[in-house]
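Me: I'm new to this one, and I'd like to know where its labels come from. Could you show it to me, and then I'll ask what makes each label fit?

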Amino acid sequence: MRMTSIYRRGCLLLAILCLLLSASSCKSKGSNIHDGTQEGLVFRDDSTGIEYVNCNILAVKPLSMSDEPYCKAAGISYYAIDFEDPSRFLCDYDKETGSSFVYRNRELPDITIENFNAIAAFLYIDGVQPQRVAQLYADDEYLPDELKGLNPSQDTALVRQITDALVNGEERVVGQGESSDEDVFFFRLLSADYPGLYYSVCFFGDIYGRYYVQDLANFRTVDAPAEIVAWIVG
């Protein structure tokens, strides 16, 4: 399936954001901002006693966040993440760069490509304003009844090929000067277990016509699955 045909089909963002039956919106209210304490790279919500630590700063990002801070520590505002419980995850936000880092309750396991359980994905071209150009849709089994049958395709198995490749594929080394500037895309993987977060994976080619996927958490690079290559570049 070529990129142009996928782009024409459009995207059902609502269907993806509502992937889980158990997902709940966690908007914070300005009148209930919690006080926090910063301790090096860790901060604590003094109202709950929960300590938060960084998730990987390149791979794990929030899909969207509350308008008002949920907690403030050492002058830094931390926000609830939509579709996530703030006792589990919060995020910051830099207005100048538009960047945001995710922080997890330190009692939770770190998020990796293996345990993220991706079931759908957006495909982006990077830039000052990243552009979404295509989408891999979640299978109906992950959607509420009222949304079943609305997605134009069932793509979870294809998404899981990306995860399987990065977990089990043989690592490749692409030498300096061998990577190509063409056909560089970024997957924002969407999860059945973390509906408010996405996990970033890079897709790129080399000057010899080979294609790869790279886990941005650890820069592990493996051969891109053949079906993924065909889906993106034909």
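**Labels and what earns them**

Reply: Let's start with asparagine 117, which sits in the loop between E8 and E9. This is a predicted model, in which local features need pLDDT of at least 70, side-chain atom pairs count only at pLDDT 80 or more, and totals for chains, interfaces and linings use all residues. Residues are numbered from 1 along each chain as its sequence is written, and side-chain values use heavy atoms, with hydrogens and water left out.

Me: What do names like E8 and E9 stand for?

Reply: They're DSSP runs numbered from the N terminus: helices are H or I with at least four residues, strands are E with at least two. This chain has 4 helices and 14 strands. E8 covers 102-105, and E9 covers 118-125.

Me: Why is asparagine 117 called partly exposed?

Reply: Buried means under 20% relative accessible area, exposed means over 50%, and partly exposed is in between (1.4 Å probe, protein chains only). Asparagine 117 comes out at 26%, so partly exposed is the right label. Its backbone stands out too: phi is about 60°, a positive value although the residue is not a glycine.

Me: Where does phenylalanine 83 lie, and what makes it count as partly exposed?

Reply: Phenylalanine 83 is in the loop between E6 (76-80) and E7. Its relative accessibility is 22%, so partly exposed again. Phenylalanine 83 also has a positive phi, near 75°, without being a glycine.

Me: How do you know which label tyrosine 93 gets?

Reply: Tyrosine 93 has a relative accessible area of 38%, so it belongs with the partly exposed residues. Look for it in the loop between E7 (89-91) and E8.

Me: And which residues is tyrosine 93 in contact with?

Reply: Contact means heavy atoms within 4.5 Å. Once neighbours within four places in sequence are set aside, tyrosine 93 touches Met65, Ser77, Tyr79, Gly98, Ser99 and Ser100. Take methionine 65: it is 28 residues away along the chain, and the two C-alpha atoms are 9.2 Å apart.

Me: What is the label for valine 174?

Reply: Partly exposed, because its value is 23%. You'll find valine 174 in the loop between H3 and E11. Its contacts beyond four places in sequence are Ser179, Phe204, Asp206, Tyr212 and Thr221. Threonine 221 is 47 residues along the chain from valine 174, with 8.2 Å between their C-alpha atoms.

Me: How do you know that the span of H3 agrees with what is expected of a helix?

Reply: The expected span is 1.5 Å times one less than the number of residues. H3 runs over residues 156-168, so its 13 residues should span 18 Å, and its end C-alpha atoms are indeed 18 Å apart. Among its buried residues are Leu158, Val159, Ile162 and Leu166.

Me: How much of the chain is buried, and how many contacts join residues 24 or more positions apart?

Reply: Of the 234 residues, 47% are buried. Counting contacts with a separation of 6 or more, 62% link residues 24 or more positions apart.

Me: How confident is the predictor in all this?

Reply: The mean pLDDT (the predictor's confidence in each residue, from 0 to 100) is 88, with 87% of residues at 70 or more. Over residues 1-30 the pLDDT is below 50, though this stretch has 84 contacts in the model beyond near neighbours in sequence.
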